[in-house]
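Reader: I'd like a close look at one part of this structure: the place where the two chains meet. Could you walk me through it slowly, in plain bench language?

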Amino acid sequence: MTPRTLFEKVWDAHVVKPSGDGPALLYVDLHLVHEVTSPQAFDGLRLAGRRVRRPERTTATVDHNVSTGDRALPIADATSATQVATLSRNAREFGVELFDLDSPGQGIVHVIGPELGLSRPGMIIVCGDSHTSTHGAFGALAFGIGTSEVEHVLATQCIVQSRPRTMEVRFEGLPGAGVGAKDLVLALIARIGTAGATGHVIEYTGAAIRALSMEGRMTVCNMSIEAGARAGMVAPDETTFAYLEGRDRAPAGDAWTAAVCRWRSLDTDPGARYDREIVIDAADLSPQVTWGTSPGMTTDITGRVPDPAAAATAAERESLTRALEYMGLRAGTQLEGLAVDRVFIGSCTNGRIEDLREAAEVARGRRVASTVRAMVVPGSKRVKAVAEREGLDRIFADAGFEWRNPGCSMCLGMNEDILGPGERCASTSNRNFEGRQGRGGRTHLMSPAMAVAAAVEGRLVDVRQLLKSVAILS
Amino acid sequence: MQPFVRHTGRIAALQRANVDTDQIIPKQFLKRVERTGFGPSLFYDWRYLGDGRPHPAFELNRPSARGATILVAGPNFGCGSSREHAPWALGEYGFRAIVAPSFADIFYGNCCQNGLLPVVLSETEVNDLFRRAEAAGDAGYQLTIDLEAQRVSAPDGFTARFDIEPYRRDMLLQGLDEIGLTLREEANITEFERRLDALERGSA
């Protein structure tokens, strides 16, 4: 048999109807739903008199609009409250399971799917959300869709897709201390650009990926979309199985044994070919930080803001000039030392327990600078509960961080967590677009460890310097 | 879905790369539960000044773009969030087609689902359009997009061919409902589900 990649195996196993040259009809194992991109889809079903074909393969939660403050209070914004209430009504009417605000399972959709054991190897997973690529960390083919497609999947449990090309991104070697999953993926985006993987599904391979926890792999796959990729995937291994075993919705008993046996066969076959290959030496990487208004505008923390005059084309020069103007930065400015007003730790990129552990490790025994407002927003109620069991909330509170309730929060500021105009933020989220965190807000993306370092110093710093001082002290 | 066969209209030139869907429709406008009402918020942060008046320098507010129905933009248009509110807002504003050197994948699909035709021309061709539009000044520049012939043309002699997947083209030309088409595959879907459910129960 022809050797196949992980992607090809998952794709082939889901073809409901072969297509010749056109797009294929693929079966969807798991459909995740949230309040922002679903109301019009449920409305469409109602208008056409259709039902949800497989409610048991559909899971909903509220995350984008929810307050991260006091949950005893009603949602202050009337339109947000309506959207949340609309999902409740739709879930009831169509028989879809909903992890609503009162549920102990509530959280960001891309955090709860994995932690419930719903996201599993070999699946096709979709959601009306571009960061659905997160679930590819399990060896699933997971991608974001629009609301019309949400309606299509609700009605048919299938999706029409043209076959993407494949790209291997191999991270060789192991990153040094203070360099992690977020730095790997930011470095990739800096290298290939925000449209570098358009039309492709990335498979991440190499020693640095194998060494990552599931949380780290999710961080990498999460930001695949920021490189333009349709999806990102990591072949499942013992780390994957250990993460999934015993989770609420993971198979158990004989079904678990059979599943693991199937999942072991998903690995890319020796000799299988990708359409493109990128190799990055992880050992060479420094902590990464974005300086502009697109995730590709990234450099080493030891680097400087680039000079638009050095751009290769007029269009690029124009876009760099615009970005610097928006960010309030001058060409040649050193990133280290740039003062920040706000720090946000959370989101579907970096709101998981491993992220909070990494952040707490740096925060322990330190204080947030008096000029900075810093908040930690756990990705889900479960993450919050585990963190509190481990005493991480105390570490953050003692250091002067706000410890808040789970949701998407300041990653996109659909709730009240937003930046003011001109405020500069060290953020563990995924997009530094103009206005993303609030009109006029200036976002610098980085890892949780780097964000905490920025919080305690009040400016962008190289977290390796802080870690070094700890090592000397101990 | 409204079919797209052939359309002639004035262009709005938005000569910027990597225009993301957060710019097309900022998050504070995603809270509606209807498919309509997004047009006035299109490009909100660029289009309006802080006090709500139109920003005179923004490309869509220029006299040359008045009544525009075709948006011409830089590469990687529609990157970022999957929000279909972006094509809804563009459509409601009055756009019937978007011409760019490249589009982000999810946005491209979302446009096709809404009868908003995404047209990929080469960077050279798009830059040529920007130059011609600029030369036309406030009078504006008119373009015809013919999906049947897969051709873009203008009275001044500009002409370019574009590619589109045959499946997308047919859907757009006929304004077809994708759900209706898929539901015709009921027997195939049911058979697939029978095998999948058995496999997951461990009985296969």
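Author: Here's a walk along the contact between the two chains, with a few side trips into each chain. Keep in mind that this is a predicted model.

Let's start with the overall contact. Chain A puts 62 residues into it, and chain B puts in 51 residues. People often describe an interface by the accessible area lost when the parts come together. For chain A and chain B that area is about 4800 Å², and carbon and sulfur atoms give 51% of it. On the chain A side, the residues that lose the most area to chain B are A:Gln40, A:Arg53 and A:Arg439, which together make up 14% of what that side buries.

Now for the polar side of things. There are 33 residue pairs in polar contact between chain A and chain B, with both residues at pLDDT 80 or more. Which elements of chain A give two or more residues to the side that touches chain B? The list has strands E1 (15-17), E2 (24-27) and E8 (158-161), plus helices H2 (39-48), H3 (78-94), H5 (147-156) and H10 (253-264). H5(A) supplies the largest share of that side, seven residues. Sorted by type, the chain A residues that touch chain B come out as 18 nonpolar, 26 polar and 18 charged.

Zoom in on A:Val16, a residue of strand E1 of chain A. Its relative accessible area is 9%, so A:Val16 counts as buried, the cut-off being under 20%. Leaving out residues up to four places away in sequence, A:Val16 touches A:Leu25, A:Leu26, A:Tyr27 and A:Cys158 in its own chain, and B:Asn188, B:Ile189 and B:Phe192 across the way. For a sense of scale, the C-alpha atoms of A:Val16 and A:Thr321 are separated by 49 Å, with their positions 305 residues apart along the chain.

Just past H5 there's an odd backbone spot. A:Gln157 sits in the loop between H5 and E8 of chain A. Most residues other than glycine have a negative phi. A:Gln157, not a glycine, has a positive phi of about 60 degrees. With a relative accessible area of 0%, A:Gln157 is buried.

Next, the charges. Side chains of opposite charge can pair when their charged atoms come close. Between chain A and chain B the count is twelve salt bridges, while the structure holds 50 over all chains. One of the cross-chain pairs is B:Asp177 with A:Arg50, where the closest N and O atoms are 3.5 Å apart. Another joins B:Glu200 to A:Arg57, with 3.0 Å between the closest N and O atoms. That pair runs from helix H8 (residues 186-201) of chain B to the loop between H2 and strand E4 (58-61) of chain A. Are the two partners buried or exposed? B:Glu200 is partly exposed at 32% relative accessibility, whereas A:Arg57 is buried at 6%.

Compare that with a pair inside chain B. B:Arg83 and B:Asp22 meet in a salt bridge at 3.4 Å, N to O. B:Arg83 lies in the loop between strand E2 (70-73) and H3 of chain B, and B:Asp22 in helix H1 (residues 21-24), so the pair ties together parts 61 residues apart in sequence. B:Arg83 is buried at 2% relative accessible area, and B:Asp22 is buried at 3%. Back at the contact between the chains, salt bridges with shared partners link A:Arg53, A:Arg54, A:Glu56, A:Arg57, B:Glu186, B:Glu193, B:Asp197 and B:Glu200 into one network.

Last, a word on chain B as a whole. Chain B has eight helices and seven strands, and its C-alpha trace spans about 70 × 40 × 25 Å along its principal axes. Of its 204 residues, 55% are buried. Among the contacts in chain B with a separation of 6 or more, 66% are between residues 24 or more positions apart. B:Pro87 makes a handy example: it belongs to helix H3 (residues 85-93) of chain B and counts as buried at 2% relative accessibility. Setting aside neighbours within four places in sequence, B:Pro87 is in contact with B:Phe107, B:Asn110, B:Cys111, B:Asn114 and B:Leu116.

Conventions. Residues are numbered from 1 along each chain as its sequence is written. Chains are lettered from A and ligands numbered from 1 in the order in which they are written. Side-chain values use heavy atoms; hydrogens and water are left out. Contact means heavy atoms within 4.5 Å. Buried area is the accessible area (1.4 Å probe) that two parts lose on being put together, summed over both. A salt bridge is a side-chain nitrogen of Lys or Arg within 4 Å of a carboxyl oxygen of Asp or Glu. A polar contact is a pair of N or O atoms within 3.5 Å; within protein, one must be able to donate a hydrogen and the other to accept it, and residues adjacent in sequence count only if both atoms are side-chain atoms. Helices (H or I, at least four residues) and strands (E, at least two) are DSSP runs, numbered from the N terminus. Ala, Val, Leu, Ile, Met, Phe, Trp, Tyr, Cys and Pro count as nonpolar, Asp, Glu, Lys and Arg as charged, and the others, Gly among them, as polar. Buried means under 20% relative accessible area, exposed over 50%, partly exposed in between (1.4 Å probe, protein chains only).
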